[in-house]
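The following exercises concern a ligand site and the enclosed or open spaces of a protein. Each task is followed by a worked solution.

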Amino acid sequence: MKVLIIGSGGREHALVWAIQKNRNNLVQLYCAPGNAGIAASAELVPISVSDHPGLIRFVLEQRIDLTFVGPEAPLAAGIVDAFEAQGLAIVGPSAAAAQLEASKVFAKDFMARNNVPTAAYRVADTASEAIECLKSGEFGSSASPVVVKADGLAAGKGVVVASSHAEAERAIEDLMVNQLVGAEAAARVVLEEALSGTEVSLLLFADGKDYVLMPAARDHKRVGENDTGPNTGGMGSITDASILGFADLNRVVEQIVEPTLAGSAREGFAFKGVLFLGLMLTDDGPKLLEYNVRFGDPEAQAILIRLQTDLVTILDAVRRGSLGSLKVEWAGGSSACVVAANRGYPGKHDSGAVIQGLDDGKLKTVQIFHSGTSISPQGEILATGGRVLGVTSAAPTLSGALGNCYVALEQIHWPGMQFRRDIGRTRPN
Ligand code: AMP
């Protein structure tokens, strides 16, 4: 069997690893475009994730049996629809379903139509309309916090949690007038009530009818310890039973998961693929902050390391609509992924240093998922990207998993390596 994974980050390395773990030599793996770590397990295909015709040509020529898409941009651009129009097997949401992530306005209106609990919101088409809306008092006094979100995909840079209306006005100007995330992504903005509570990520596989929940995860978005400094793509993640208790989980399933899946089917875009719910556990119960229509990175690493069922079997069941008859098993206990990044990330960062210690014998209790790496002409592994490695471990306890990651990180080094030493210990909000 031939399987193609589309993407190039730590998430895609974890997907490749999870497939190989159970299928061994029975599956021939390809990754477009992949990275240096993925190259050890899959054949790299130098085609960009946005080159849908090129990817389709490759799949037809190589007779690939199944394709899975890591990142959101090709999903929003309709890669699943394009593959399916050619009769090719691909797992993921249609462009219509991917709107749940690609448009915050679409997502919020969908939540409202389907009674999914979420923060109160308003949509504005111009900066002056947004500022008028702030002044109307609907979002409290000028000293109240308020959240400003660009409508479209903005690589994590389109959301500002403003601590006052003055700060929100600056964010509106930056997004809509100065076009910091581009003209298209911020052609509209959502203003939102600021919620407080504990954030949780809950992911699930859905096949249009049935769904399978994954272990709840928490990620750490800020670059600095104690959740300080700018937001990043994610500096670490954990899974642990304490993240989402039984009562809250039941409420999330009843009030958010099931209405979302039923609503998507009723509205004509039955969700198929991996759905990510970004939740806030508030005093008024769980509320949905956002949908993603794919695995998060680094949540994928911490989740997939606990997956015991063959991933290809699950993906195939998602595509065929047979998840209801599949038992998906997870290792008990907990897991952690600690990201090692280059100095300067998430801003302008170092690049190109040789990574030492990757073959150390002490790395047996972890999996090292590569994000931004490449291979030098001499065969050395270079730290080229912002986020470079995701050191990941599963263990009976969270402290055991974190301990394994930090012991491994002591063995790995390159000039300019940075990582947070408090993953899983602080609770971001
Ligand atoms: P989103 O892309 O909508 O999840 O927003 C990114 C991050 O902004 C979330 O992970 C939260 O930390 C924060 N955030 C988003 N919406 C809200 C809200 N209504 N209240 C408080 N924080 C929020």
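**Exercise 1. Describe the second largest pocket of this predicted model by volume, lining and residue class.**

Solution.

Step 1. The volume is taken up at the start: the second largest pocket holds about 230 Å³ of space.

Step 2. The lining is then listed: H13, W17, L358, L363, V366, Q367, I368, F369, H370 and I381.

Step 3. These residues are assigned to elements. Two or more lining residues come from each of α1 (10-23) and β18 (367-370). The largest contribution is that of β18, with 4 residues.

Step 4. Sorted by class, the lining comprises 7 nonpolar and 3 polar residues, and no charged ones.

**Exercise 2. Determine how many cavities of 30 Å³ or more the structure holds, and characterise the lining of the largest cavity.**

Solution.

Step 1. At that threshold the structure holds 1 cavity.

Step 2. The space in the largest cavity amounts to about 30 Å³.

Step 3. Its lining is formed by F68, V69, L75, V91, G92, P93, G273, V274, V293 and R294. Among the elements, β4 (66-69) and β14 (272-282) are those that supply two or more residues to this lining.

Step 4. The class count for the largest cavity is 7 nonpolar, 2 polar and 1 charged. Because Gly is classed as polar and Arg as charged, G92 and G273 belong to the polar group and R294 to the charged group.

**Exercise 3. Identify which residues come nearest to the ligand, and state what share of the ligand's exposed area the protein buries.**

Solution.

Step 1. The shell around the ligand has 14 residues, of which K149, E192, L195, E199 and E290 come nearest.

Step 2. The polar atom pairs are examined next. For K149, a polar side-chain atom is placed 2.8 Å from a ligand oxygen atom. For E192, an N or O atom of the side chain lies 2.7 Å from a nitrogen atom of the ligand. For L195, the partner is a backbone N or O atom, 2.8 Å from a ligand nitrogen atom. Each of these distances falls within the 3.5 Å cut-off for a polar contact.

Step 3. The ligand taken alone exposes 470 Å², and the protein buries 84% of that area.

Step 4. The elements giving two or more residues to the shell are β7 (146-150), β8 (159-162), β9 (189-193) and β15 (285-292).

Step 5. In the class count, the shell contains 8 nonpolar and 6 charged residues, with no polar ones.

Key: Residues numbered from 1 in each chain as written. Predicted model: local features only at pLDDT ≥ 70, side-chain atom pairs only at ≥ 80, totals over all residues. Heavy atoms only, no water. Near = heavy atom within 4 Å. Polar contact = N/O pair within 3.5 Å; in protein donor to acceptor, adjacent residues only side chain to side chain. Areas by Shrake-Rupley, 256 points an atom, 1.4 Å probe, with all protein chains shown as cover. 1 Å grid on protein atoms, 1.4 Å probe; cavity = no way out; pocket = protein on both sides within 12 Å on 5 of 7 lines; lining within 4 Å. Points joined across faces, edges and corners; volume = space filled by probe spheres on them.
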